[in-house]
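Grab your favourite viewer and a notepad. Below is a handful of exercises, each with a solution worked in steps.

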Amino acid sequence: MIEKLLFYVFAAVLIFAATMVITARNPVHAALFLVLAFFNSAVLWIIAGAEFLGIVLVLVYVGAVMVLFLFVVMMLDINLARLREGFIRHLYIGLPIAAIIVVQMILVVNTGAMSPGEMPEPAMPIPEDTGNTSMLGGVLYTVYVYPFELAAVVLLVAIIASIMLTLRRRDGVKHQDVAEQVRVRKEDRLRKAQFPRAADDGRNDNEHPDR
């Protein structure tokens, strides 16, 4: 009973946050509502017993993607009036697409494909003290170990490519040479400057008892 109540509460907050994402006039507010939607989605995953997906949703999307997206939105000077210019013009395209998505969701829910009773029985008995995180890790690193390693290599290549794209030389931009900074000597940085002594003003020490 408590789980159902929590499910409906967080589902209602999720629907509200998702609605505010597409209706908020300020992009920063829309991004913050999207963070709220991600948090509620993670809670729903945890209530459904998929704690791994909930944790990944918080760490990856809320902790990395949305923070970066929010930072970019706040740093850019976005013209809100210009963004709303083509809303009515493209409305006749967006409404049919939205209607098709709603019809598809209704058909999926009404067919009973998402009912727990229709799920096939597992091939092997699952111990009660085994969570889905350990089961997912076991399958990922045994059955799908080669696709997993291939995906890791692809991501590594993408990271290296993005770094190489940002390392191109630009005019007027200062670059650091770490090797040159390490090899620096104090003789190269410090220079002794000799200044001439102040000229004698013709007065002796007797005229200046405070000396």
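The exercises go from the whole chain to single helices, then to residues and rings.

**Before you start**

This is a predicted model, so to speak with strings attached: local features need pLDDT of at least 70 and side-chain atom pairs count only at pLDDT 80 or more, while totals for chains, interfaces and linings use all residues. Residues are numbered from 1 along each chain as its sequence is written, and side-chain values use heavy atoms, with hydrogens and water left out.

**Exercise 1. Describe the chain as a whole.**

Step 1: get the secondary structure. Helices (H or I, at least four residues) and strands (E, at least two) are DSSP runs, numbered from the N terminus. That gives nine helices and zero strands, and the pattern along the sequence reads α-α-α-α-α-α-α-α-α.

Step 2: check burial. Buried means under 20% relative accessible area, exposed over 50%, and partly exposed in between (1.4 Å probe, protein chains only). Of the 211 residues, 10% count as buried.

Step 3: look at the surface. With the Shrake-Rupley method and a 1.4 Å probe, the chain exposes about 18,700 Å², and carbon and sulfur atoms supply 68% of it.

Step 4: look at the contacts, meaning heavy atoms within 4.5 Å. Among those between residues at least 6 apart in sequence, 53% join residues at least 24 apart.

**Exercise 2. Test the length of helix 1 and find where its buried residues point.**

Step 1: the expected span is 1.5 Å times one less than the number of residues. For the 22 residues of helix 1 that comes to 32 Å, and the end C-alpha atoms are 32 Å apart, which agrees.

Step 2: list the buried residues, which are Ala-11, Leu-14 and Ala-17. Seen down the axis, they fall within an arc of 130°, so they line one face of the helix; the arc is that of the directions from the helix axis to the C-beta atoms.

Step 3: recall the geometry. An α-helix has 3.6 residues a turn, so residues three or four places apart point the same way.

Step 4: fill in both sides. The buried residues of helix 1 pack against helix 2, while Leu-5, Tyr-8 and Ile-15 are exposed on the other side.

**Exercise 3. Do likewise for helix 2, and zoom in on Ser-41.**

Step 1: helix 2 runs over residues 27-47, and its 21 residues should span 30 Å; the end C-alpha atoms are 30 Å apart, which agrees.

Step 2: its buried residues include Ala-30, Val-35, Phe-38, Asn-40 and Leu-44. Their cover includes helix 1 (2-23) and helix 3 (51-75).

Step 3: take Ser-41, which sits in helix 2. Its relative accessible area is 18%, so Ser-41 is buried. Leaving aside residues up to four places away in sequence, Ser-41 touches Leu-14 and Leu-57.

Step 4: see what follows the helix. Gly-49 comes after helix 2 and has a positive phi, near 95°.

**Exercise 4. Classify the aromatic pairs.**

Step 1: set the rule. Rings of Phe, Tyr and Trp (its six-membered ring) pair if their centres lie within 6.5 Å; planes under 30 degrees apart count as stacked, over 60 as edge-to-face and the rest as tilted. By this rule there are four aromatic pairs.

Step 2: one of them joins Phe-7 and Tyr-8, edge-to-face at 5.7 Å centre to centre with 75° between the planes. Phe-7 is partly exposed because its relative accessibility is 38%, and Tyr-8, at 59%, counts as exposed.

Step 3: for Tyr-141 and Phe-148, the ring centres are 5.1 Å apart and the planes are at 70°, so this pair is edge-to-face. Phe-148 is partly exposed at 30%.

**Exercise 5. Compare the record with the model.**

Step 1: the unreviewed UniProt entry lists "transmembrane region" for residues including 31-48 and 144-167; such annotations may be inferred rather than shown by experiment.

Step 2: residues 31-48 are 94% helix and 0% strand, with end C-alpha atoms 26 Å apart. Residues 144-167 are 92% helix and 0% strand, with end C-alpha atoms 35 Å apart.
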